[in-house]
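Reader: Hi! I'm new to reading protein models and would love a close look at one part of this one.

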Amino acid sequence: MSKITRFLSSRKSWTIPYAVFAAVFVVLPLLLIVAFAFTDENGAFTLANFSKFLSHPEAINTFIYSIGIAFANTLICILLGYPAAWILSQTHMRHASTVVMLFVLPMWVNILVRTLATVALFDFADIPLGEGALLFGMVYNFIPFMIYPIYNTLQKLDRSYVEAAEDLGATPLQQFLKVVLPLSMPGVASGILMVFMPTISTFAISELLTMNNIKLFGTTIQENVNNSMWNYGAALSLIMLFLIGASMLFAADDNQTEKGGVR
């Protein structure tokens, strides 16, 4: 009893609510996904859900197409977000904070409302909905998740490295390519994860901006769940989770490499 009392009176006890929350809303749902993915409707163990995915070319093509859209969206967000983050990091702190807030402000609005506003914008401009509209909506919704981590990394960058490169005769371009860009890679990796992962799993944006003519992998999962095909939907979700986990491990390895290079 005294050990329990000491534990409850220590700071370690503050972790109890977070542990309970993680167990109920993170660990338990993941375990349920795994359980449904490897069982059939009768609860018997089976691999039929995964073989069904591998035997359906439409599902595989949707999966590959979703990865392609995610790569394209992430690449566009990097090409647009990195220069914006670089400019903001070179701006006066007060003005930079205001501009960053303008980037973050749309995130306060529900993603469905933002997407419906994008649909209305395309209708007003008489621009047909399709793959171009889908990429535009993806970039519009996710580019703040690319800008902010890169900006945060650049803002905390030790300027002495840049000054040392300048003293050694490096040109501004060389300073950026040899010093700033490598040191900002952790922010880029965080931005890639925050953009790439939700792009694969989203379904509302593709449904609204393509009038449900273009199907992403998240849409396939949603359709199976809505049709009470829980086991197959769980298997598809598990496949997507494996992909997300692999991308996170890859990003973690890149971060370790970058840190090792800085040292």
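What volume does the second largest pocket have, and what surrounds that pocket?

Author: Sure! First, this is a predicted model, where local features need pLDDT of at least 70, side-chain atom pairs count only at pLDDT 80 or more, and totals for chains, interfaces and linings use all residues. Residues are numbered from 1 along each chain as its sequence is written, and side-chain values use heavy atoms, with hydrogens and water left out.

The protein averages a pLDDT (the predictor's confidence in each residue, from 0 to 100) of 86, and 92% of the residues score at least 70.

Now your pocket: the second largest one has a volume of about 190 Å³. A pocket here is an open set of points on a 1 Å grid over the protein atoms alone, where a 1.4 Å probe fits, with protein on both sides within 12 Å along at least five of seven lines; lining residues have an atom within 4 Å of a point. The volume is the space filled by probe spheres set on the points.

Around this pocket you'll find K52, H56, E58, A59, T62, K215, T220, E223, N224, N227 and Y232. Two elements give two or more residues each to that lining: α4 and α12 (217-226). Sorted by type, the lining has two nonpolar, five polar and four charged residues. Nonpolar means Ala, Val, Leu, Ile, Met, Phe, Trp, Tyr, Cys and Pro; charged means Asp, Glu, Lys and Arg; the others, Gly among them, are polar.

Helix α4 (residues 57-89) also meets helix α7 (residues 131-155): their axes come within 6 Å and cross at roughly 45 degrees. The residues of that contact divide into 23 nonpolar, five polar and one charged.

Methods: Axes fitted to C-alpha atoms, helices over the stretch in contact; angles between N-to-C directions. Helix = DSSP H or I, 4+ residues; strand = E, 2+ residues; numbered from the N terminus.
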